[in-house]
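Grab a pencil and work through these exercises with the model open beside you. Try each task yourself before you peek at the solution.

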2 protein chains.
Amino acid sequence: MVQAHTVKSFDEDLRQLRSIIGQMGGIAEAQIVSAIDALQRRDADMAIRIVQADKALDALEADAEKLAIAIIARRAPLADDLREIISGLKISALLERIGDYAKNIAKRTTVLAATTPVQPQIIIPEMGKIVARMVKDVLDAYAGRDVEKALAVWQRDKDVDDFYNSLFRSLLTYMFENPQQITPSTHVLFIAKNIERIGDHATNIAEIVHYNATGSAIDTDRPKGDVTAYVSNPADDSED
Amino acid sequence: MVQAHTVKSFDEDLRQLRSIIGQMGGIAEAQIVSAIDALQRRDADMAIRIVQADKALDALEADAEKLAIAIIARRAPLADDLREIISGLKISALLERIGDYAKNIAKRTTVLAATTPVQPQIIIPEMGKIVARMVKDVLDAYAGRDVEKALAVWQRDKDVDDFYNSLFRSLLTYMFENPQQITPSTHVLFIAKNIERIGDHATNIAEIVHYNATGSAIDTDRPKGDVTAYVSNPADDSED
């Protein structure tokens, strides 16, 4: 047993951890794409399958944690390697949360599928496409230790926030003009917020990839686009 | 240098990590209480100070991570001790996010302070009190490795969810009847959601404390109270 462990190299251990994270990234991206697809098709059955599929991400996150602890206990890695493992754990936690947001979109889709469509949600598929791509690209950046690619993802978050701010405003106006549509509109509002949060999390992953590769934080102020928390007239808010 | 490190015991290292987490818990709890207070007083200046004070939590989380990596590199702890350190990191990340939710409440308060009060927000201070208490109690449970106390926190999350569901429904009705109040009501809705998420995160910490002390997950199905994602008639949603 111990023999087998020591024969396997630390690099191989790390590769295994990275492979779990790569798998999680693939599932998270697919869950976002499917959730937006189910919303557009108004397909409640598909949405229910998406809710169920989220369990895979929870299980993989637990696997990543177990593996990370096993690697550290077995190898007693030094600071740089340790930091890489801890980063892996943080990324897997972020991917698990991205999955939660996709799941929440699917839950709300089961309701929206049965109601009159809310008009301003046309912008949602576009936002969904951007964040799914951000998740894909940031995982590629992680796999290839590609700082430029990570930076590009980080910068794209501004677009997501702009879309969100604009949608927030349209939705509030729409609700004002169509009070009978307030309940479905609220779901669309929370869906938009979920997508905006996915963008934030992809951005967080980009920051980790950048830090791992360069040893320093991204040197620009983070593009702060979600300003809806401060909107007194339709729409503005960021959590970070 | 190395001498000083080796003289200091592993227990002392751990105590230091736990002390940072205790500090974070104290700040997170105070931020929640202050955010609700500022909301009730409609005090925008106080809200702005709360937004600024969040930086302390971000800095402490970074400290916790640095310390954890230093302890692991220095001590090469075995699996059980490692798990304890990793748990500490997870708890500090959850506390940092709890701080983000309190900050977001404060941001929205700067807007709400200047608008006509939204009527159904009377339930918010009650929810705020419960989650601030949950954060305090779960940190006490962590400090004392107190499984019973952690379980009690875990069970209280149901009340928060019940409050949230009820508020969600009241708010949608209120918005329908007072369309000119849709914008502030939306902020109250997101504030309620933030509080509900704080409850979820306190519950996550309770699960970690339980797992650390017993080696097993909490043996009941998690009380799932936020059902608003599924509400077609005013109000229903959980992310996890």
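## Exercise 1: A serine in a helix

Ser185(B) is part of helix H8, residues 182-214 of chain B. Keep in mind that this model is predicted.

Task: Decide whether Ser185(B) is buried or exposed, and find which backbone oxygen its side chain reaches.

Solution:
- Step 1. Look up the relative accessible area of Ser185(B), which is 0%.
- Step 2. Buried means under 20%, so Ser185(B) is buried.
- Step 3. Follow the side chain of Ser185(B): it reaches the backbone oxygen of Gln181(B) at 2.6 Å.
- Step 4. Now leave aside the neighbours within four places in sequence. Ser185(B) is then in contact with Val118(B), Leu171(B), Tyr174(B) and Met175(B).

## Exercise 2: A threonine in a loop

Task: Work out where Thr115(B) lies and what Thr115(B) is in contact with, apart from neighbours within four places in sequence.

Solution:
- Step 1. Find the loop between H5 and helix H6 (123-144) of chain B; that's where Thr115(B) lies.
- Step 2. Trace the side chain of Thr115(B) to the backbone oxygen of Leu112(B), at 3.1 Å.
- Step 3. Skip the neighbours within four places, and you're left with contacts to Arg42(B) and Pro184(B).

## Exercise 3: Two helices side by side

Task: Work out how helix H4 (residues 55-75) and helix H5 (residues 79-112) of chain B run relative to each other.

Solution:
- Step 1. You need two numbers here, because a pair of packed helices is described by the angle between the axes and the distance between them.
- Step 2. The axes of H4(B) and H5(B) come within 9 Å and cross at roughly 170 degrees.
- Step 3. Angles over 145 degrees count as roughly antiparallel, so H4(B) is roughly antiparallel to H5(B).
- Step 4. See who makes the contact: residues on the H4(B) side include Leu57(B), Ala64(B) and Ile72(B), and those on the H5(B) side include Leu82(B), Leu89(B) and Gly99(B).
- Step 5. Sort the contact residues by type, and you get 10 nonpolar, 2 polar and 5 charged.

## Exercise 4: Check the helix lengths

Task: Test whether the end-to-end spans of H2(B) and H7(A) fit 1.5 Å a residue.

Solution:
- Step 1. H2(B) covers residues 10-41, which makes 32 residues.
- Step 2. The expected span is 46 Å, and the end C-alpha atoms of H2(B) are 46 Å apart, so the two agree.
- Step 3. H7(A), residues 147-177, has 31 residues and reaches 46 Å, close to the expected 45 Å.
- Step 4. While you're at the start of H7(A), spot a side-chain oxygen of Asp146(A) within 3.2 Å of the backbone nitrogen of Glu148(A).

## Exercise 5: Phi with a plus sign

Task: Find what the phi values of Arg42(A), Ala76(B) and Arg42(B) are.

Solution:
- Step 1. Start with the background: most residues other than glycine have a negative phi.
- Step 2. Arg42(A) isn't a glycine, yet its phi is positive, about 55 degrees. Arg42(A) sits in the loop between H2 and H3 of chain A and is partly exposed at 30%.
- Step 3. Ala76(B), also not a glycine, has a positive phi of about 45 degrees. You'll find Ala76(B) in the loop between H4 and H5 of chain B, partly exposed at 40%.
- Step 4. Finally, Arg42(B) comes just after H2(B) and takes a positive phi of about 60 degrees.

Conventions: Residues numbered from 1 in each chain as written. Chains lettered and ligands numbered in written order. Predicted model: local features only at pLDDT ≥ 70, side-chain atom pairs only at ≥ 80, totals over all residues. Heavy atoms only, no water. Axes fitted to C-alpha atoms, helices over the stretch in contact; angles between N-to-C directions. Helix = DSSP H or I, 4+ residues; strand = E, 2+ residues; numbered from the N terminus. Parallel < 35°, antiparallel > 145°, perpendicular 65-115°, else oblique. Contact = heavy atoms within 4.5 Å. Nonpolar A, V, L, I, M, F, W, Y, C, P; charged D, E, K, R; others polar. Polar contact = N/O pair within 3.5 Å; in protein donor to acceptor, adjacent residues only side chain to side chain. Expected span 1.5 Å × (residues − 1). Buried < 20%, exposed > 50% of the residue type's maximum accessible area, 1.4 Å probe, protein only.
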